[in-house]
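User: I've just loaded this one and would love a guided tour. Could we start with how the protein meets the DNA?

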There are 2 protein chains.
Amino acid sequence: MRMAKGVEWALHTLLNLDMIGGGPVGSGQLAEAHGLSASYLNKQLQQLARAGLVVSVPGPRGGFRLARPLEAITLLDVVEAIEGSTQLFHCTEIRCCGKIGELSPPPTDTCAVNAAMRRAEEAWRQALAAQCLADIRGELDRVPMVRQVVRTVLE
Amino acid sequence: MRMAKGVEWALHTLLNLDMIGGGPVGSGQLAEAHGLSASYLNKQLQQLARAGLVVSVPGPRGGFRLARPLEAITLLDVVEAIEGSTQLFHCTEIRCCGKIGELSPPPTDTCAVNAAMRRAEEAWRQALAAQCLADIRGELDRVPMVRQVVRTVLE
DNA sequence: CGATCCTGGACATGTAATGTCCGTAATATG
DNA sequence: CATATTACGGACATTACATGTCCAGGATCG
Ligand code: SF4
Ligand code: SF4
């Protein structure tokens, strides 16, 4: 049970896009900045575009730019854009299988196990939604040179 | 990013073990009760045993029994017994790779992204730890026949 | 002793994330 | 208009890990 690596890629890339300013940046440059696979990062960026977090502009001098300020992008937005909004705990309804399943009446409501797991997952999602990328940028800015390095690499 | 199916297996099996009472039950019967793979469920039960949630007794008429009452087993106990205690968000330290990594000074503290993710994950773990299996048994008991069926199947 | 059942490692299989490739469409530039 | 550049998206290949199977021990009961 591990979160997709693409989430980390997306978060750093979004932060970099913010530091560079307005102009669109190509996926190649963004990948090179962190030594990532260009094609695969491009796929992740497409998902961010579909989710409305970035805007893609084709053509020469094209690339990706932020669709809205970091204040309006939460961690949950990024996680759901990359991972989708599937449940962490996915029920197989094993209560309906085997001997117990055969002897039991068909279940009428959602099971207690599933409900409990859902509650915990909801706490996680709320904690993700409560933190925006601007908060993280704030902590990042306390380290010197970061902004300058990003600008140098991405021009 | 999906939780291992073994967690669902373990939860149901623990609840079944409680309903049957004290005596040990073989992994074969427990698997048959829900139509699961006997060998694989056995592996999961071994992990529960290592985590101290169940006690294994070898020999004829052996099997597994609860190590402590359901009041003392939280959802977090089960999840960590099966999944291990690895982080949901596992950092690859890509900030140290690529052009940005080369130009940046070696990072001194844990990064802000990782910290934020850890906070959210902590909320999840706390929500898991706040719910014990006895709560779930309580909800389950509102459905008639459940207890009786389990006793019939597992003798 | 012999049957039963857990233990634990080795191995096979399935599935999803990760990574690559290439043809297509869109657009800036000359 | 011609061309180069870039995103788009589908079709693969590769890798990692969960899932499932099997077998040779070891413990325990009768
Ligand atoms: S009883 Fe709950 S956890 Fe078990 S299979 Fe059904 S929904 Fe899933
Ligand atoms: S900066 Fe944070 S999220 Fe990025 S690689 Fe380092 S620890 Fe991971």
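**Protein, DNA and one ligand**

User: Which atom of DNA strand D is 3.5 Å from the side chain of A:Gln46?
Analyst: A base nitrogen of DNA strand D, and its partner in the A:Gln46 side chain is an N or O atom. Such a pair is a polar contact, meaning N or O atoms within 3.5 Å; inside protein, one must also be able to donate a hydrogen and the other to accept it, and sequence neighbours count only if both atoms are side-chain atoms.

User: Before I trust that, where does the model come from?
Analyst: It is predicted, so local features need pLDDT of at least 70 and side-chain atom pairs need 80 or more, while totals for chains, interfaces and linings use all residues. Residues are numbered from 1 along each chain as written, chains are lettered from A and ligands numbered from 1 in written order, and side-chain values use heavy atoms, without hydrogens or water.

User: Fine. What else does chain A do at strand D?
Analyst: An N or O atom in the side chain of A:Ser56 sits 2.4 Å from a phosphate oxygen of DNA strand D. A:Pro60 uses a backbone N or O atom, 3.4 Å from a base oxygen of that strand.

User: How many residues surround strand D overall?
Analyst: 24, with A:Ser27, A:Ser56, B:Lys5, B:Trp9 and B:Pro60 the closest. Of the DNA strand D atoms that come within 4 Å of the protein, 59% are sugar and phosphate. A residue is called near if one of its heavy atoms lies within 4 Å.

User: What is the chemical mix there?
Analyst: The surface near DNA strand D has ten nonpolar, ten polar and four charged residues. Here nonpolar means Ala, Val, Leu, Ile, Met, Phe, Trp, Tyr, Cys and Pro, charged means Asp, Glu, Lys and Arg, and the others, Gly among them, are polar.

User: And strand C?
Analyst: DNA strand C has 26 residues around it, and A:Lys5, A:Trp9, A:Pro60, B:Ser27 and B:Ser56 come nearest. That surface divides into ten nonpolar, twelve polar and four charged residues. Sugar or phosphate holds 60% of the strand C atoms within 4 Å of the protein, and bases hold the rest.

User: Which polar pairs stand out on that side?
Analyst: Among them is B:Lys43, with a polar side-chain atom 3.0 Å from a base oxygen of DNA strand C. B:Ser27 brings a polar backbone atom to 2.9 Å from a phosphate oxygen. For B:Pro60, a backbone N or O atom is 3.4 Å from a base oxygen of strand C.

User: Which element gives the largest share of the surface near strand C?
Analyst: α3(B), with four residues. Helices are DSSP runs of H or I with at least four residues, strands are E runs of at least two, and both are numbered from the N terminus.

User: How are the two protein chains related?
Analyst: A turn of 180° with a shift of 0.0 Å along the axis lays chain A on chain B with an RMSD of 0.1 Å. That makes the relation a two-fold axis. The fit is least squares on C-alpha atoms of residues with pLDDT of at least 70 in both copies. In chain A, the C-alpha of A:Trp124 comes closest to the rotation axis, at 2.4 Å.

User: Switching to ligand 2: why call its site shared between chains?
Analyst: Because residues from chains A and B surround ligand 2. The elements giving two or more residues to its shell are α1 (5–20) of chain A and α6 (112–129) of chain B. Including A:His12, B:Cys91 and B:Cys111, the shell divides into four nonpolar, two polar and three charged residues.

User: What about the overall shape of chain A?
Analyst: Chain A has eight helices and two strands. Its radius of gyration is 20 Å, whereas a compact globule of 155 residues would be near 15 Å. That radius is taken over C-alpha atoms, and the globule rule is 2.2 Å times the number of residues to the power 0.38. The C-alpha box along the principal axes is roughly 70 × 35 × 25 Å.

User: Any odd backbone angles?
Analyst: B:Met145 is not a glycine, yet has a positive phi of about 80°. It sits in the loop between α7 (133–140) and α8 (146–154) of chain B.

User: Is B:Met145 buried, partly exposed or exposed?
Analyst: Partly exposed, at 41% relative accessibility. Buried means under 20%, exposed over 50% and partly exposed in between, using a 1.4 Å probe and protein chains only.
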